Amino acid sequence: MTRKYSGYFLFGLTALGLLAALPARAQPYPSRPVKIIVPTPAGGPVDVMARLLANALPAVLGQNVIVENRAGAGNTLGSKVAAAADPDGYTLLVSAASGLIMSPMVYKSAGYDENSFAPIALVAETPQVLVAHPAAPFNSVAELVAYAKANPGKLNYSTGGAGTLPHLTAELFKQLCGADIVHVPYKGGGPALTDVVAGQIHMTFDTVGTSVQFIRDSRLKPLAVSNPTRIAELPDVPTMPELGYPSISTGAWVAILAPLGTPPAIIARLNEATNDALKSAAMKEPLARLGAQARGGAPDDLARHMKTEHDKWGPIVAKLGLKEE
């Protein structure tokens, strides 16, 4: 082969190589499965919401979405892993206020806060309910307070860890009513609720969605919901504001986020997909059965919401002097 034709041949190979590489570079996001990290154990409220979202997103994104539970240390372990992941849109975080806003205030070694993530969308919100084991020696909030004051340190309550929303809500309740009730932290909301159902723990604050079936089966008794108004799922259960605790009216919310630095185009794609998934029957009906309300919205809406939550809970954490347990 002459040098002239040899040069053409090499040029042709180079051109073919470049053409072969173009489709891979031009592949739209996502071109492979997406992973959602959940910083709580399987079975808890955040995990349930994440799995509903993971089941609905493939129809919109065109790729499978898998859930990976990384629980521990008040939701900080999984959150830290998600914050450190490559900002390429293939590792996301689904978290609640507990792990995203509150735990970093309590766990000084958390290594992240809400500003470590790029907001995608608020997924859903559901009220909390104060539930107790049926054999607990009280049947109302007033009886609970009276018993706790007469028997300081004998009652206990469980949570998914220090700094979680149920923990802060319970500590605020204790401060307001002047009762001595012992905190028993677990590695996630699922185990914390399980031991109340089993009678190992007296009570807990839990989301309505994960407690309502236990309430209907008479395996838990509801005392009050932390919501401004009564809810359709538990119409006979009074609200905390009704009972004289107006500052205990916060619901639990769940959001989806990406590592900081994720390209805006990918954030926009994920936001659109999340909002579309929330409108689908695959999410609307299960969320309604859980007593949760779909939220959605723009990334900026979630950013503002997180700032409001940070500003609300920061002074409470400081006042209560909460520390790692």
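How far apart are the mean positions of the positive and negative charges of the protein? In this predicted model, the mean positions of the 27 positive and 25 negative charges lie 6 Å apart. Lys and Arg count as positive and Asp and Glu as negative, with His and the chain ends not counted; each charge is placed at NZ of Lys, CZ of Arg, CG of Asp or CD of Glu.

The protein has 12 helices and 11 strands, which are DSSP runs numbered from the N terminus (helices H or I, at least four residues; strands E, at least two). Its C-alpha trace spans about 100 × 40 × 35 Å along the principal axes. Of the 325 residues, 52% are buried, that is, under 20% relative accessible area with a 1.4 Å probe, protein chains only.

The interior holds 4 cavities of 30 Å³ or more, a cavity being a set of points on a 1 Å grid over the protein atoms alone where a 1.4 Å probe fits but cannot get out. The largest has a volume of about 330 Å³, taken as the space filled by probe spheres set on the points, which are joined across faces, edges and corners. Its lining comprises 27 residues, each with an atom within 4 Å of a point; Pro-45, Val-46, Ser-98, Pro-166 and Gly-189 lie nearest the centre. Elements giving two or more residues to this lining include helix 2 (45–56), helix 5 (97–106) and strand 8 (203–207). Strand 8 supplies the largest share, 4 residues.

Residues are numbered from 1 along each chain as its sequence is written. Totals for chains, interfaces and linings use all residues, whereas local features need pLDDT of at least 70 and side-chain atom pairs count only at pLDDT 80 or more, and side-chain values use heavy atoms, with hydrogens and water left out.

Key
Buried means under 20% relative accessible area, exposed over 50%, partly exposed in between (1.4 Å probe, protein chains only). On a 1 Å grid over the protein atoms alone, a cavity is a set of points where a 1.4 Å probe fits but cannot get out, and a pocket is an open set with protein on both sides within 12 Å along at least five of seven lines; lining residues have an atom within 4 Å of a point.
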